[in-house]
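Thanks for coming. I have one structure to go through, and I will start with the ligand and then turn to the charged pairs.

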Amino acid sequence: MATATSHQSVVSFASLRSSPSSTISQCGFKIDSSLSFTSKKTNFCKIKAITSSVSYDNTLLSPSKTIPDNSQKKSNEAALILIRHGESLWNEKNLFTGCVDVPLTEKGVEEAIEAGKRISNIPVDVIFTSSLIRAQMTAMLAMIQHRRKKVPIILHDESEQAKTWSQVFSDETKNQSIPVIPAWQLNERMYGELQGLNKQETAERYGKEQVHEWRRSYDIPPPKGESLEMCAERAVAYFQDNIEPKLAAGKNVMIAAHGNSLRSIIMYLDKLTCQEVISLELSTGIPLLYIFKEGKFMKRGSPVGPTEAGVYAYTKRLAQYRQKLEEDSEVICA
Ligand SMILES: O=C(O)[C@H](O)COP(=O)(O)O
């Protein structure tokens, strides 16, 4: 169950963020108002080179015929929902997990369902997840709560055969589906030789400060693992290459990923410094909403519940979408 405290910790952190035009210099990269991300240590071209564009069946993104959904029209505005996966079996055991692929606990399942209720009136046209099961379970469980009742379908593009064998041959069915695009670039940071170790025991062995540095610093990697900076190089580059173009085309996007891959993306969206990102903690299963408009990301906090009026007042488009859902459910109930 999501707690008020965890929600508050995310929201209160927002007040610390720097102004939209701030420049990050302390940690070797600079973000300007055009939201470019360049690394001093790692050339941006190199970042681009390690990511590849996703290819998938675009017809799954085609507009619904039954709901003339404003979210489907070309627009300069779109919703972006970020969700850290629900509690995993290794979160429960307090083990460093990283890229080890463990499922959700029952509590994690409940958190994902609760997250889904919170965003059930917000349009979602395409979902990106990491390639790890805890993020995929979270995305699927959240989407089954959505009032629009579209079916999330994982797009397998690992081989030509996988693509061919998973084709859908009905336009109507495609219109009632949401493509789910898995990407390893959104995976949790690779925790190196800490994977599988108990967090408390590791702190006792190496000292609290050392372990805190490994877990939260920007550029100090855990032994043989990825620092947040290294994780950002793949996660933010993927976001820029594959997710931002969708938002720019007016598609509403949900990303289900991990504590550190999302911290790196939030650092980019909120233009946080490497000092500020140290205190950014993401709770499991708490959705965060951004509005992408005219090339800028506006943080809108965490939707508290499906009926919370405030969220829908953020933009006319969200309000219209919600109203349409209300009208449609009245027709169905009548
Ligand atoms: O990989 C892990 O162990 C967790 O998902 C995130 O861990 P952290 O809070 O130590 O970054």
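How far does a polar side-chain atom of Y191 lie from an oxygen atom of the ligand? The distance is 2.7 Å. Please keep in mind that this is a predicted model, so every number I give is computed from it.

Two other residues make contacts of this kind. R215 places a polar side-chain atom 2.6 Å from an oxygen atom of the ligand. With G98 the backbone is involved: one of its polar backbone atoms is 2.8 Å from a ligand oxygen. On its own the ligand would expose 320 Å², and the protein buries 96% of that area.

Now the surroundings. The ligand has around it R84, L95, F96, T97, G98, E188, Y191, K199, R215, R216 and N260. How does this shell divide by residue type? Five of the residues are charged, three are polar and three are nonpolar.

Next, the salt bridges. Side chains of opposite charge can pair when their charged atoms come close. Searching the whole structure gives nine salt bridges. I will show three.

The first on my list joins K107 and E87, with 3.7 Å from N to O. K107 is in helix α4, residues 106–118, while E87 is in the loop between β3 and α3, so this pair ties together parts that are 20 residues apart in sequence. Are these two residues buried or exposed? K107 is partly exposed, at 40% relative accessible area. E87 has 13% relative accessibility and counts as buried, because the limit for buried is under 20%.

The next pair is K224 and E193, whose side chains meet at 3.1 Å, N to O. Both partners sit in loops: K224 between α9 and α10, and E193 between β6 and α8. The salt bridge therefore ties together parts that are 31 residues apart in sequence. K224 counts as exposed, with 65% relative accessibility, and E193 is partly exposed at 48%.

The last pair is K324 and D328, at 3.2 Å from N to O. Where do these two residues lie? Both are in helix α13, residues 316–333, and they are four residues apart, which is about one turn of the helix. K324 counts as partly exposed at 23% relative accessibility, whereas D328, at 18%, counts as buried.

To recap: the protein buries 96% of the area that the ligand exposes when taken alone, and the whole structure has nine salt bridges. That is the end of my part.

Conventions
Residues are numbered from 1 along each chain as its sequence is written. This is a predicted model: local features need pLDDT of at least 70, side-chain atom pairs count only at pLDDT 80 or more; totals for chains, interfaces and linings use all residues. Side-chain values use heavy atoms; hydrogens and water are left out. A salt bridge is a side-chain nitrogen of Lys or Arg within 4 Å of a carboxyl oxygen of Asp or Glu. Buried means under 20% relative accessible area, exposed over 50%, partly exposed in between (1.4 Å probe, protein chains only). A residue is near a molecule or strand if one of its heavy atoms lies within 4 Å of it. A polar contact is a pair of N or O atoms within 3.5 Å; within protein, one must be able to donate a hydrogen and the other to accept it, and residues adjacent in sequence count only if both atoms are side-chain atoms. Accessible areas come from the Shrake-Rupley method with a 1.4 Å probe; for residues, only the protein chains shown count as cover. Ala, Val, Leu, Ile, Met, Phe, Trp, Tyr, Cys and Pro count as nonpolar, Asp, Glu, Lys and Arg as charged, and the others, Gly among them, as polar.
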